[in-house]
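Let's take a walk through a protein structure, starting from a single residue and working outwards. Keep the picture open while you read.

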Number of protein chains: 2
Amino acid sequence: MDSHFRKLRRRHDVSAAEEAAFCDMVAEHRRVGPDEVVIRAGEPLHESTLLLDGWLARVKDLRSGSRQFTGLHVPGDFADLHSFTLGRLDHEVVSLTECRLAIVPHARLKDLMERNPRLARILWSETNLDAAINREWTVSMARRSALARVAHLLCELSIRLEVAGLSDGMTFDFPMTQNELADCLGLTTVHVNRTIQELRKRGLIQLDRRQVTMRDVAALRNIAEFDDSYLYLGKAPL
Amino acid sequence: MDSHFRKLRRRHDVSAAEEAAFCDMVAEHRRVGPDEVVIRAGEPLHESTLLLDGWLARVKDLRSGSRQFTGLHVPGDFADLHSFTLGRLDHEVVSLTECRLAIVPHARLKDLMERNPRLARILWSETNLDAAINREWTVSMARRSALARVAHLLCELSIRLEVAGLSDGMTFDFPMTQNELADCLGLTTVHVNRTIQELRKRGLIQLDRRQVTMRDVAALRNIAEFDDSYLYLGKAPL
DNA sequence: CGCTGGTTTGACTAACATCAACACCTGTGG
DNA sequence: CCACAGGTGTTGATGTTAGTCAAACCAGCG
């Protein structure tokens with residue numbers, strides 16, 4: 001839960017009692033292996049899933065056989081909090097790594113909402129942050145070059161992982177294959193590979209299957225036209 | 001307000017009393033002309049804007065001078081309900097046409113949230129629906145061809161406008177220029193123009209600056225790989 | 001060892017962007 | 001009434017980015 005509270009505290013004032021209330025909502029813990037479909041699209045849902053450890057992706061499949069990630073989740077993120085109001089998902093959630101999950105029944109969310117509007121609003125805020133990230137992804141897919149897309153994603157993840165306490169802002173574990181990166185970025189594996197090589201050649205990143213180091217954050221941000229305001233890192237009002 | 005209630009009723013059971021409660025939240029009505037910046041990115045906000053009439057777009061500007069729409073709003077949509085929890089926007093909201101707006105102060109939303117968790121949840125649901133639409137846009141930008149993108153957008157809008165009571169599912173007012181369409185679709189004006197011509201040539205659409213007719217909805221849906229489940233047209237749970 | 005999944009390379013192609021005109025319409029002021 | 005301006009739509013020639021296809025390479029692993 002630590003990553004989740006770090007994420008919350010970054011944007012809201014949360015008392016110990018409120019943190020306890022969050023903990024009380026968790027009904028169950030679960031583990032899943034890598035490359036599993038954790039939540040299936042379209043199925044009625046009665047619980048939401050908080051990611052404690054590992055990486056998840058929101059995936060949409062296309063008829064052509066290709067697929068597109070519409071979001072990535074790192075520890076501390078809710079994968080499907082939106083299913084609380086929508087009742088089902090329009091996408092799958094799949095595990096990229098082995099994951100530890102905390103399960104929060106919708107009934108308890110409903111209770112919380114009635115008893116504690118302030119916490120409800122914080123949860124609402126989390127889904128709105130997801131949406132803000134998604135908007136920025138839309139911009140990436142629509143307007144940024146492959147080089148800028150890769151750079152932008154790395155800039156985003158370094159911050160999100162830092163918030164979760166899993167990066168120093170430069171180096172972090174990076175469990176995705178180039179194939180999965182391609183699914184993320186709307187590119188092909190081949191082109192992702194060439195793009196990464198270009199970033200390496202320019203001395204901007206170091207990357208292998210397990211870890212990234214951003215060797216020149218300023219240059220990466222510049223290439224990506226990265227502006228972190230969409231991550232809403234400051235305290236939210238009231 | 002009629003379009004807004006149609007939208008709500010489509011997905012939730014809303015009593016007359018609840019509709020009245022919604023109406024009571026509106027503090028003020030406003031009018032804006034076409035091509036105005038209605039809400040500026042980054043500015044602290046203390047109210048949200050419900051679109052009563054006209055079209056709005058969520059816009060992100062890039063350094064290169066190009067811009068990307070990350071969402072379109074038709075009558076009945078909240079343009080910036082997410083500012084209630086986030087406090088400011090990561091994008092501008094601009095008017096594509098003359099618009100009538102209803103202004104809802106955040107203080108009243110907060111009140112409502114405390115007094116009526118059910119309505120709060122319905123509002124939360126609206127922001128989650130926005131996000132679902134945005135995910136689908138991400139897929140369009142990342143994976144669909146220009147032809148499929150245009151077709152997909154038309155399919156989406158015909159349904160959203162039908163829900164709002166502004167389309168029969170085939171024909172609707174369409175106030176966007178090809179330039180604005182390009183901003184929407186992550187394409188250039190030139191390419192949008194060629195794509196539209198292709199759709200016309202195939203007898204699938206009829207389109208001028210003021211109106212669209214979808215001549216062959218089935219073919220358009222097929223080209224777009226359109227699946228309306230992301231619009232959550234059925235009743236939400238509880 | 002010989003698989004297997006992931007990464008890398010090269011040759012070729014397709015889709016869309018870019019640049020530059022031009023046509024058309026509408027509103028405006030002389 | 002006409003001349004003109006500005007926004008919109010259209011066309012053609014050319015350039016660039018990323019996709020496609022196919023194969024080789026490489027490391028970890030049973």
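Start with Leu51(A). Leaving out residues up to four places away in sequence, Leu51(A) touches Leu56(A), His73(A), Val74(A), Pro75(A), Gly76(A), Asp77(A), Cys99(A), Arg100(A) and Leu101(A). Bear in mind that what you see is a predicted model. Leu51(A) sits in strand 3 of chain A, which covers residues 47-53. Is Leu51(A) buried or exposed? Its relative accessibility is 0%, and buried means under 20%, so Leu51(A) counts as buried.

Now for two other residues. Pro175(A) belongs to the loop between strand 8 (171-173) and helix 7 (178-185) of chain A. Over in chain B, Thr70(B) is part of strand 5, residues 67-73. Thr70(B) has contacts in both chains: it touches Arg135(A) and Val139(A), and also Arg58(B), Lys60(B), Asn134(B) and Trp137(B), again not counting residues up to four places away in sequence. Here are the three residues side by side:

| Residue | Relative accessible area | Status |
|---|---|---|
| Leu51(A) | 0% | buried |
| Thr70(B) | 4% | buried |
| Pro175(A) | 14% | buried |

How about distances across chain A? Leu51(A) and Lys201(A) are 150 residues apart along the chain, and their C-alpha atoms are separated by 35 Å. For Pro175(A) and Arg121(A), 54 residues apart along the chain, the C-alpha separation is 32 Å.

Let's zoom out to chain A as a whole. It has 9 helices and 10 strands. With a radius of gyration of 18 Å, close to the 18 Å that the globule rule gives for 238 residues, chain A is as compact as a globular protein of that length. The C-alpha trace spans about 55 × 40 × 30 Å along its principal axes. Of the 238 residues, 61% count as buried. Chain A exposes about 9200 Å², and carbon and sulfur atoms supply 46% of that. Take the contacts in chain A between residues at least 6 apart in sequence: 74% of them join residues at least 24 apart.

Next, look at how helices pack. In chain A, helix 1 (residues 2-11) meets helix 5 (residues 117-143) at an angle of about 95°, and their axes are 11 Å apart. That makes helix 1 of chain A roughly perpendicular to helix 5 of chain A. Which residues of the two helices meet? From helix 1 come His4(A), Lys7(A), Leu8(A) and Arg11(A), and from helix 5 come Ile122(A), Glu126(A) and Leu129(A). Sorted by type, the residues of this contact are 3 nonpolar, 1 polar and 3 charged.

Helix 1 of chain A also has buried residues: Ser3(A), His4(A), Phe5(A), Lys7(A), Leu8(A) and Arg11(A). Their cover includes helix 2 (16-25), strand 3, helix 5 and helix 6 (146-163) of chain A. Strand 3 is where you found Leu51(A) earlier.

Chain B offers another pair to look at. Helix 6 (residues 146-163) and helix 8 (residues 189-201) of chain B pack at about 75°, with axes 9 Å apart. Helix 6 and helix 8 of chain B are therefore roughly perpendicular to each other. Ala146(B), Leu147(B) and Val150(B) of helix 6 make the contact with His191(B), Thr195(B), Glu198(B) and Leu199(B) of helix 8. The residues of this contact divide into 4 nonpolar, 2 polar and 1 charged.

Note on methods. Residues are numbered from 1 along each chain as its sequence is written. Chains are lettered from A and ligands numbered from 1 in the order in which they are written. This is a predicted model: local features need pLDDT of at least 70, side-chain atom pairs count only at pLDDT 80 or more; totals for chains, interfaces and linings use all residues. Side-chain values use heavy atoms; hydrogens and water are left out. Axes are lines fitted to C-alpha atoms, for helices over the stretch in contact, and angles run from 0 to 180 degrees between N-to-C directions. Helices (H or I, at least four residues) and strands (E, at least two) are DSSP runs, numbered from the N terminus. Angles under 35 degrees count as roughly parallel, over 145 as roughly antiparallel, 65 to 115 as roughly perpendicular and the rest as oblique. Contact means heavy atoms within 4.5 Å. Ala, Val, Leu, Ile, Met, Phe, Trp, Tyr, Cys and Pro count as nonpolar, Asp, Glu, Lys and Arg as charged, and the others, Gly among them, as polar. The radius of gyration is taken over C-alpha atoms; the globule rule is 2.2 Å times the number of residues to the power 0.38. Buried means under 20% relative accessible area, exposed over 50%, partly exposed in between (1.4 Å probe, protein chains only). Accessible areas come from the Shrake-Rupley method with a 1.4 Å probe; for residues, only the protein chains shown count as cover.
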